[in-house]
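User: I have a two-chain structure to look at. Please take me through its contacts and packing, one question at a time.
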Amino acid sequence: MSQKQQPKQAGASARRKPAGAATASAPARTKPRRKSSGPALLELDGLTVGYTKSPVCAPVTVSVAAGEAVCLVGANGAGKSTVLRAVAGLLEPLGGEVRLRGAVVDERTVDFRRQVACVFDEDAWFAELSVAEHLELVARGHGVRDVVAVVDAELTAQRLSEHADELPTALSSGQRRRLLLAAALVRPRALLLLDEPEQRLDPTGRDTLLERLKAERDAGTAMLLATHDTVLLRGLADRAVVIDDAVCRVVDAEEAARLVTEPGAGA
Amino acid sequence: MTLEQVDGDALDADGALPGPAAGEPLPTRADLVSEAAPSRAARGLRTTVYDVYTTVLQTGIGGGLLLGASGSLRTALQAGLSSTGDGPGLVSRTSGVLTSAGLAVAAVLVLLGALCRIGPVSLGTAPTAWWTPLPVQRRELLRPVLRQRAVVSAVVGAVICGWAGSIAVGTSPHLGAAGFASALGGGALLGAALGLGGYALVTRPAITAGTRAVVRTGAVLDALALAVVVALAVSAVVGLAVDEVDPSTLVVPALVAVVLAVAAVLTAGAASWRDVGDTSSVSLRSGAARLGRLTSSVLQADVRELGRALAADATGRRRRRRGASRVPWASGPASAVWSADWLLLRRQPRRFLTAAAFALVPLVVAAGTGAPRGVLALLLWLTGYWAATTLSEPARSMALVPAAARALPVSQTRLPLLRLVPVAALMALWGAVAVPLAVTTSGLLHGEASGTAWWAWALLGAFAGPGWAAAALRGALRPDPDLSRPAMSTAMGSLPPGAIAAVSTGPDLAVLVTVPVLLAVLSRGAFPLLLQGQVLASAVAAGLGWWYAAHRARKLA
């Protein structure tokens, strides 16, 4: 890390740029929406998941192209998070395949980790690193140019600028959630995997989240996310997969939102 | 060629992905460590000097204690082995050399098994969560872990086996200083080789097969350690072992073991060094979670959490037959508590095996070393308390999850009593077996006369068992050290307030329970008066343990 001393020396003053400067980099990501008709970036082909030998849900088959957002919906415990963990390589599938750009995924490969960013419900922090330093660690780890500016922009976008120099353990649970989201967004990624990203966020946070994810999708990032939020579903999803014991169906976002609000509607 | 080499080469430097532009060189492990770790300069010279002082002092005190204990044991062994026993019931004793070597090997196996359960190749929780998803070479992150743990395994093995070797020479009083040095050095060399070779072997399943395989490997190592202890116990009871084995006769087997260990390092170790980058996130995360629990339990001096961290299931999930009740014979609050406790114990069969192994330890040590009778009572105190602690996990979990106890229609006063009953029954059985076994090789078990017959010792043990169970109940609900207050400076370093109480609450009651056992051993018979005394001591202990546990349970609730 040739410039590793830079952020520490720059300190908080470098991070606290005017809001205009911080947000200046955001439009770079907000390009006109690409139509999601390209080749599949991510393919789940009969993916069967479970923690023992018994599957937690029916096999999942769906593909996600660049610039497309696919939501996983289903009741608590249906297996949405388990599917996401298998896609992220954190759980060995019981059957079927997950392919990224046509190759079976293996999280041990550098290329997979370069392309896939995950936001799961994790709560592990370096005891000595501040909020901003955690983000700098991720950005530097991905070889991001102009780390301080990128991190400052993301802190502003996530309304965490005032907490940049605090330890993550001093944040509220919603703020820590936003920090995890920020960590996924300060680095390049082709695919975003998000497990109920709306959890613990206040209404403003949810609105911001929706706008950020829409911008991400429009900039060409593929997204697979588990959610119960109908606003996210209607505002973001191109399609949704209903995770269930019997069969996992691919439906449009509107039907998925209806199923979330009226669980028996699709039976 | 490993996965990472292939993909590292295949990476396109351009990296045209959505999001912030990339192109800077990726950080090395040293960069990541220097960014994440607190710098010494930032902590100040005073802190650094204090850390160095504490480390040197603790190492010195630890080494001194080991050497002192070694010298005392040697003297005791020479005296013990020169005697021919006290009575006609004396069973041929195992050689002290074999006992020392066997127990040392068993200890190394147990430690390697524990290492398997916390993940032979793992990082802390924060590095796992933040470093392993980075597109940096994973082998560069993990190779230092391999190196550090290999060194620690070798050092721990060397200390254990070197110490055991130095004790073993006590069985051969004609060995001079050179013999002592060679036993110490040879033991250390053997232990280092065992630790290193063993570590090299257990890294393979961690890298190539995943969490379940490495946990199974740990179970195999535990079973091997238990088999060694059982073999020593059997040899003592049936008199298979010779009375005297010259330490020099172990040279050839030790050399063979060293050669095998070196071969393991050169094959499995080299392969692990090459492939360590292929370790999956699943394995790393599982190891990190256990390591986190382990570290936290050590920092809080909480052996309850330590045991849980080491015994936790690899997946944390259980298969269940559809429609089958897990507690089929529960028909009220009391039986529900007993059913749940039994279910918890049944799911961790290693607790029963551990308790069984503890029952054999006094026998093996007494058989191999001719330990003085006071030492025998000390061993029964320790192993009785540890066995009860092992079987008291349900009560220990009560302190962890007080809300679960509140969910039952049982008062916080009655609940500890309910929890005590099954453990007391199990410990009565344990005592009825362990105590007669332990006194077998000390010549205290002979004849049919009252007090010296096996059944008298069995009764003494059966009466002591519930007392040890009560002591374990008291220990289960003891308060944790107060980490919110400033640590106290002691010669052994900084300790949080309440650390001493956390360690001694529980064993203190076990001392009371063991007093009649000690008197029986010293007076060479479990005479009726001592049996009555044991009943009284255990009853008092049960009352005190229950009172304390109920008081703590009410406070926690």
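Analyst: One definition to start: two strands pair if DSSP finds at least two bridges between them. Note also that this is a predicted model.

User: Which residue of strand 7 of chain A stands opposite A:V116?
Analyst: Strand 6 of chain A and strand 7 (residues 191-195) of chain A are joined by four bridges and run parallel. Across from A:V116, in strand 7 of chain A, is A:L191.

User: Which are the edge strands of the open sheet in chain A?
Analyst: The sheet is open, has six strands and mixed pairing, and follows the order 6-7-8-3-9-10 in chain A. An edge strand here pairs on one side only. That gives strand 6 (116-119) and strand 10 (249-252) of chain A.

User: By how many degrees are neighbouring strands of this sheet turned against each other on average?
Analyst: Direction is ignored in this value. The average is 20 degrees.

User: What angle does the direction of helix 8 of chain A make with that of strand 6 of chain A?
Analyst: Helix 8 (residues 173-185) of chain A packs on the sheet and touches strand 6 and strand 7 of chain A. Its direction and that of strand 6 of chain A make an angle of about 180 degrees.

User: Which strands does helix 9 of chain A touch?
Analyst: Helix 9 (residues 203-218) of chain A also packs on the sheet. Its direction makes about 145 degrees with that of strand 8 of chain A. The strands touched are strand 3 (69-73), strand 7 and strand 8 (222-226) of chain A.

User: Which element gives the most to the side of chain A that touches chain B?
Analyst: In the interface, 48 residues of chain A are in contact with 41 residues of chain B. Two elements of chain A give two or more residues to its side: helix 5 (110-115) and helix 6 (131-141). With six residues, the one that gives the most is helix 6 of chain A.

User: How do the residues on that side of chain A divide by type?
Analyst: The division covers the side of chain A that touches chain B. Its residues are 20 nonpolar, 12 polar and 16 charged.

User: Are helix 19 and helix 22 of chain B roughly parallel or roughly antiparallel?
Analyst: The axes of helix 19 (residues 454-476) and helix 22 (residues 528-556) of chain B come within 8 Å and cross at roughly 15 degrees. Angles under 35 degrees count as roughly parallel. Helix 19 and helix 22 of chain B are therefore roughly parallel.

User: Is the crossing of helix 19 of chain B with helix 22 of chain B left-handed or right-handed?
Analyst: The contact includes B:L459 and B:F463 of helix 19 of chain B, and B:L530 and B:W546 of helix 22 of chain B. Its residues divide into 17 nonpolar, four polar and one charged. The crossing is left-handed.

How values were computed
Residues are numbered from 1 along each chain as its sequence is written. Chains are lettered from A and ligands numbered from 1 in the order in which they are written. This is a predicted model: local features need pLDDT of at least 70, side-chain atom pairs count only at pLDDT 80 or more; totals for chains, interfaces and linings use all residues. Two residues are in contact if their C-beta atoms, placed from the backbone, lie within 7 Å. Ala, Val, Leu, Ile, Met, Phe, Trp, Tyr, Cys and Pro count as nonpolar, Asp, Glu, Lys and Arg as charged, and the others, Gly among them, as polar. Axes are lines fitted to C-alpha atoms, for helices over the stretch in contact, and angles run from 0 to 180 degrees between N-to-C directions. Angles under 35 degrees count as roughly parallel, over 145 as roughly antiparallel, 65 to 115 as roughly perpendicular and the rest as oblique. A crossing is left-handed if the near helix is turned anticlockwise from the far one by less than a right angle, and right-handed if clockwise.
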